[in-house]
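This report describes the pockets, cavities, nonpolar cores and one helix of the structure shown below. It is intended for a reader who has not met the structure before.

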Amino acid sequence: MSDHQVFEIENFRLQRGITLPRAAIAYKTYGRLADDRSNVILYPTSYGAQHGDTEWLIGPGRVLDPDRWFIVIPNMFGNGLSTSPSNIGAPFERDRAPVFTHWDNVHAQRRLLQEVFGVERLALIYGWSMGAQQALHWGAIFPDRVARICAVCGSARTSVHNKVFLQGVRATLTGDPAWRGDHFAEHPVRGLRAMGRVYAGWAMSQAFYRERLYERAGYASLEDFIVRAWEGNFLRRDAHDLLASLETWMASDISDNPIHGGDLARALGAITARSIVMPSRTDLYFTPEDSALETAMMPNAEYRPIESIWGHRAGNPAQNPEDEAVLRGAVRDLLDGA
């Protein structure tokens, strides 16, 4: 993919104590930056995704409108475009890549916005899944730089149950015969296919399968859906990058930093941005119950679940116009009068 730009940072110190001689953030922009720089929306990427996978919701009449807003998608560390195990190079390489955290992501994004565009404050951060985790990190770490947050199907801290799911995914992938304990000797086709099948059972709800909504989405059968939508999704990625992003996801915690010292209530209370937190009612790993508990600790936030049987994918409804309309309405409500 070459439809993006790259912002480089020299001697970038990661949260876990490693310094990258050169860190790279791949990014793409949509729309025009206002003269007063007041119309910026940051839209971070999600697990296993690059900007081209989620830009479908950008367009006139879509969730994010580039006719009015200047939208920036920064690719997350570990996703294969920004600095990742697959491209990091010596002395790290795939078998000893550093751990990336969302603290690292948001600090690199802040520098990108400030040094490339002169942007000090964001009109909105919109994020789904791991993108929502980054949005909430922004609100807790840089509260004076964020006016609004739309956090869709994500969390402020990865729950214990979510970690169990992620550890299962990791064990499935590293069960491939190509795994050597710290790297894959070759592309782990068997492990990636198995990972896709495990993911398919968690990402969509029981009702989604009971009502065979995969057929409505254009798949000929359940097997067609799993092979093309899930196995195919992961087979196109570098397995080392997928493992690195799992580690970022498991470590996600807006309070795990010197500012908040592990106090989640304090970190959530620091988010002053007007926020809408939107879990899917049927999400199996970012559960609505967890989101309700976190939202209650945010001083200026509304809890607005998505009433959908599309599970976690209700937050990325490329094939589901009903849920897209719900997301569009939330963004409109946040930006009304802005």
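## Pockets, cavities and cores

In this predicted model, the second largest pocket has a lining of 16 residues, and those nearest its centre are Arg-94, Ala-97, Leu-243, Ala-244 and Glu-247. The volume of this pocket is about 260 Å³. Helix α9 is the element that gives the most to its lining, with four residues.

The largest pocket has a volume of about 560 Å³. Its lining consists of 32 residues, of which Trp-128, Trp-230, Asn-233, Arg-313 and Asn-316 are the closest to the centre. Two or more lining residues come from each of α1 (51–54), α5 and α8. Helix α8 gives the most to this lining, with seven residues.

Enclosed space is also present: the count is four cavities of 30 Å³ or more. The largest cavity has a volume of about 60 Å³. Among the residues that line this cavity are Gln-15, Arg-16, His-102, Trp-103, His-137, Asp-253 and Asn-257. Helices α2 (102–117) and α3 (130–141) each supply at least two residues of the lining.

The table sets out the three linings by residue class.

| Lining | Nonpolar | Polar | Charged |
|---|---|---|---|
| Largest pocket | 18 residues | 10 residues | four residues |
| Second largest pocket | eight residues | two residues | six residues |
| Largest cavity | three residues | six residues | three residues |

The largest nonpolar core contains 61 residues, and Leu-64, Tyr-126 and Tyr-199 touch the most other members. Helix α9 (residues 239–251) contributes the largest share of this core, six residues. Apart from this core lies another, of 45 residues, which includes Val-40, Ala-132, Ala-140 and Met-298.

Tyr-199 deserves separate mention. Leaving aside residues up to four places away in sequence, Tyr-199 touches Tyr-47, Phe-165, Val-169, Trp-230, Phe-234, Trp-249 and Tyr-285. Tyr-199 is also one of the buried residues of helix α5, together with Gly-191, Leu-192, Met-195, Gly-196, Ala-200 and Ala-203. The cover over these buried residues includes α4 (160–174), α6 (206–210), α8 (222–235) and α9.

What span should helix α5 (residues 189–203) have? With 15 residues at 1.5 Å a residue, the expected span is 21 Å, and the C-alpha atoms at its ends are 21 Å apart, so the two values agree. An α-helix has 3.6 residues a turn, so residues three or four places apart point the same way. Among the buried residues of α5, Leu-192, Met-195 and Tyr-199 may be viewed with this in mind.

Conventions
Residues numbered from 1 in each chain as written. Predicted model: local features only at pLDDT ≥ 70, side-chain atom pairs only at ≥ 80, totals over all residues. Heavy atoms only, no water. 1 Å grid on protein atoms, 1.4 Å probe; cavity = no way out; pocket = protein on both sides within 12 Å on 5 of 7 lines; lining within 4 Å. Points joined across faces, edges and corners; volume = space filled by probe spheres on them. Nonpolar A, V, L, I, M, F, W, Y, C, P; charged D, E, K, R; others polar. Core = buried A, V, L, I, M, F, W, Y, C linked by side-chain atoms within 4.5 Å. Buried < 20%, exposed > 50% of the residue type's maximum accessible area, 1.4 Å probe, protein only. Contact = heavy atoms within 4.5 Å. Expected span 1.5 Å × (residues − 1).
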